[in-house]
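Work through the following exercises with the sequence and the model side by side. Each task is followed by a solution that goes step by step.

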Amino acid sequence: MSAVAIEGVWKFYGDYPALRDVRLEAERGACLALIGRNGAGKTTLLRVVAGFSRPGRGKVQIFGNEPRETETRRQMGFIGHGISVYDELSAFENLMLYAKLYNLPNPKKSAMEWLERTGLERVRNGLVREFSRGMRQRLAVARAFLHEPTVLLLDEPFTALDDKAITVLQKLLKEALAAGKTIVMSTHQLREALELATHVALLNRGQVAFHGPRTPEMVSDPGYVYARYGEG
Amino acid sequence: MNFLSNSLLLAQVSADDVAREVARLQRNYEFLSYGLTAAWVILVVYVLMMVARERTLKREIANLKAMLEEKR
Amino acid sequence: MGFFRQALVITVKDLRAEIRTKEAINASFAFALVILVLFSFAFDPLEDTTRDISGGLLWIVFAFAGTLILNRSFARELPNDCLDALIAAPISGAALFLGKSVANYLLLLAVELVSLPVFGIFYNVRWTTQFWQLMLVLVLGTWGLTLIGTFCSALTVNIRLREVMLPMLTYPALVPVLMGSMQLTMTLMAGKPIGPDMVPWLKLLAGFDLVFTAASLVLVEIVLVG
Amino acid sequence: MRNNILYGLGAAVILLLVRDINLIAGFPQEASQGAIFKIIFFHVPMAITAMLCSSVALIASVMFLITRNFKYDAVAVAVTEVGLAFLLGNLVTGSIWARIIWGVWWAWDVRLTSALVCWLLYAGYLMLRRAIEEPTQRAVFAACFSIFAFIDVPIVYLSIRLFRTQHPGPVFFTSNGSFPPDWTAAIFGPLGTLMALMMLATVLTVIRLSQEDSQRELDSLRRMAHAM
C-alpha cells in the first residue's frame, strides 16, 4: 500500500477545475516534489491531500485511510505558507499547545526535545512576537515535526527560510526520509528540493504533465523538467 | 325589511356624517391603491434590477472572454 | 483525549493569548463605557422611566461590546495561518468551536461584570437586589450571544469588511436572545424577582441556547473544512 | 424550449392576475374596515409565497451540503432573492394597511416585526454571499447561514409573540363567517391570487437561476484569467 495515493482528484472553484484528474502516488520513504508554475495547482493539491478542502471528485488516501480521519491526522505534518504559531504565546507554550492537541504521552518532554533540536531551547520562554524571522521559522518546523508525523506535507518549505532554517529543515527531512517517512512538497526552489526528491511531478494547469523518478539530469540542470515536458 | 331599516338609519345621519363617511371611504380607496401600487412597483423594480444584472453579467463575460483571447 | 479536554486546551490558549495583549477586552470595555455615557444624553438618567428601560440599554451595550470580542476570535488565527494547523490537528471542528466559544464567553462575561457596577452608578440603579437571578439571565443570555457571534465569526473570518458583516449577520439572528434578556433584566432591575409571567422568557433563552448549541456544533465542521 | 415554457407561464400569470383583480374589485366591501381590507388579497399570499421560498431555500441549502452540486446552491440564492422581494411587498402592504387600521405606519406587532427580522436575516445572507469571492466557500458558508436563519425564524416569531399581542387573530378558516368562502377562494382557490403569485415567483426564480449560471461562468472565467 502506498503512503500517499491521489486517485483521480478533481477540485473545482465554481465551474473552473483547478485540479483535473490528478493521479499520483508516493511510497513509504519517497520524497515527491511537486513543481510547476504559479497557479498550476500545487498548493491546492497539497491542501486537498492534507484534508483542508475536499476534492470535488476522486479521493485521497493516506495509508488507505481518508485524510480527515483522526488517526490519519495524527500521522500527518503540514507546513504551509504561514508559520502557524501564535505571536502572543512563548515558543514553549506554542509547542505545548500542539503537543496537547496531538495527545502526546509526554507533552513537556516532546516540546523540550524539539526546542533543542531546532536550537531554540535558550529562548523557549520568549514570546514569538519578539523572535527574529529565522527563529520563527525554526519554531514552525519544530511545530510540524513535534508529533513525529509519518507523512510530511510541505508547501514551498524553502521559500521564506533563512540559511540556518534551511539547514535545520534539510537535515530533519533527510533524517525523516532515512527513517522511512514520506514527504510530499511543492516547491519553487528546484535545487534544494531536487536534491532531496526521489520523485518529481510537474503540474500544468491542474494536470499532471510529468510524473516519474528523479534523474541525475534534473539535479544538474533544474530547468530540465520544464524544458522537456513543457509548459504548454 | 332591509330597505326599511336602511332608510331608518339614513334618516338619522346628518350631512356632516355623510361627508365624513365619504371622506373615510375615499381615504380607504386611496390607501388601497397605494398598497397595491407599492406591491407591484416593488416587483417591477426587482425585475428591472434583474435585467440590469443580466446586462452587466453579459458585458463582463464578454470582456473576460476578449481578455482571455488576447492573452492566448 | 476527550472532546471536552480538547475544547479546554483551545479555551486556555485563546484566553492566554488575549490576556497577554488585552486588545479585544480593553477595546470592548472602553466601548461599553462610551455607549453607557452616550445613552445618558439620549435618556435623562435620573428619571424613573429611564430606570424602567435600563435593562434594555444594558443589553444593547453588551451586544455592541460583544462584537468587538467576537470579531477578534477567529481573526486571531489569521496572521500566521494558525487555523490551518488547528484544522490539521486531530481534534474535531466542534471541539475547536466549543473551545473558542467558551473563551469568548468568559471574556464577554468579564466585560459585563465590570460594566454592571459602572452602569449602576451612572444610572442610579440598584442592580444587586436580585443578584443571583440577574446572574442567571446574564449566563443564559450571554451564551446565546457568544454562540451565534462565534459561529458568524467563523463564517466571516476571511472576507473583506469583516467588521461590518459580523453585526449585520448576528444582530437579526439575536433578536430572541436580546429580547428575552432585556425583558428579564428590566424586571430584575426594578427589584422584582422573576415571577411566573416571566418564566416563558427564561424558557425561551434556554431553548435558544440549546437549539443553537446543537446546530452550530453540527454545522461548524462543514464551515471549517468546506 | 425552456424559454417558451417560461413565456407561457409568464403570460398565464398575467392573465390570472387580471382575472383575480377583476374578481376582487367586484367583491363588496368588508363591513368594519372598508375597501382597504381588500389589500389582504395580496398581502397574505405574498407572505405565504415568501415563507415557501425560505423553505425551498432551506431544502436547497441542505441538498447542496449533501451533494455539493452547485445547481442547488443556485436554487438557494435565486429563491432567497425572490422571497425577499415578495416579503418586502408583504411588509409594505402591511404597513399601508396598518396606517388605516391602527393609524400608524408601523405597529410593531408580532407578524410585521417577525417578517422584518426575517427580511433582515435573509438580506444578511445575500450580503454574505457578495462578500465571499471563492465560489465553493461562498456556497458552503451561505448554505450554513441559510440553515441557521431558517431555525431562527420560528424562535423569533415565538419571542415577538411573547412580547406583544396586538395583531387581529387569523381570520381564515374560522367559523365566524366574517370572511366569506368566495373570498377565501379568491386567495387560496386554484385560480386565486396565491397561485398566481406562486407562479410569478417560479418564473422569477427560473430567470434568476439562468443568471446564476452566467455568474458561475463569469467566476470560472475570472479564475482562468487569474491562472494565466
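The exercises below treat two interfaces and then two helices. This is a predicted model, in which local features need pLDDT of at least 70 and side-chain atom pairs count only at pLDDT 80 or more, whereas totals for chains, interfaces and linings use all residues. Residues are numbered from 1 along each chain as its sequence is written, chains are lettered from A and ligands numbered from 1 in the order in which they are written, and side-chain values use heavy atoms, with hydrogens and water left out.

**Exercise 1. Describe the interface of chain A and chain C, and say which residues and helices of chain A contribute to it.**

Begin with the extent of the contact (heavy atoms within 4.5 Å), to which chain A gives 30 residues and chain C gives 24 residues. The size of an interface is often expressed as the accessible area lost when the parts come together. Taken as the accessible area (1.4 Å probe) that two parts lose on being put together, summed over both, the buried area of chain A and chain C is about 2,600 Å², with 58% of it on carbon and sulfur atoms. On the chain A side, the residues that lose the most area to chain C are Tyr86(A), Glu88(A) and Leu101(A), which together make up 26% of what that side buries.

Next, turn to the polar terms. Between chain A and chain C there are 4 salt bridges, each being a side-chain nitrogen of Lys or Arg within 4 Å of a carboxyl oxygen of Asp or Glu. One of them joins Arg68(A) to Glu221(C), with the closest N and O atoms 3.2 Å apart.

Finally, assign the chain A side to helices (DSSP runs of H or I, at least four residues, numbered from the N terminus). At least two residues each come from helix H2 (70–75), helix H3 (91–101) and helix H5 (133–145) of chain A, and H3(A) supplies the largest share, 5 residues.

**Exercise 2. Which pair of chains has the most contacts, and how is its interface made up?**

Of the 4 pairs of chains that touch, chains B and D have the most contacts. Here 30 residues of chain B meet 38 residues of chain D, and the two chains bury about 3,100 Å² between them, 72% of it on carbon and sulfur atoms. Phe31(B), Trp40(B) and Tyr46(B) account for 17% of the area that chain B buries against chain D, more than any other three residues.

The interface of chain B and chain D also holds 3 salt bridges, including that of Glu60(B) with Arg222(D), whose closest N and O atoms are 2.5 Å apart. By contrast with these touching chains, chain B does not touch chain A, their nearest C-alpha atoms being 11 Å apart, nor does chain B touch chain C, where the corresponding separation is 22 Å.

**Exercise 3. Examine H5 and H1 of chain C for length and burial.**

Helix H5 (residues 93–123) of chain C has 31 residues and reaches 43 Å from its first C-alpha to its last, close to the expected 45 Å, the expected span being 1.5 Å times one less than the number of residues. Because 23 of its 31 residues are buried, H5(C) is largely enclosed by the rest of the structure, where buried means under 20% relative accessible area (1.4 Å probe, protein chains only). Just after H5(C), Asn124(C) has a positive phi of about 55°.

For helix H1 (residues 3–21) of chain C, the 19 residues should span 27 Å, and the 28 Å between its end C-alpha atoms agrees. Its buried residues include Val9(C), Ile10(C) and Leu15(C). What covers the buried residues of H1(C) includes H3 of chain A, together with helix H2 (23–42), helix H4 (82–88) and H5 of chain C. Just after H1(C), Lys22(C) takes a positive phi of about 55°.

Key: Buried means under 20% relative accessible area, exposed over 50%, partly exposed in between (1.4 Å probe, protein chains only).
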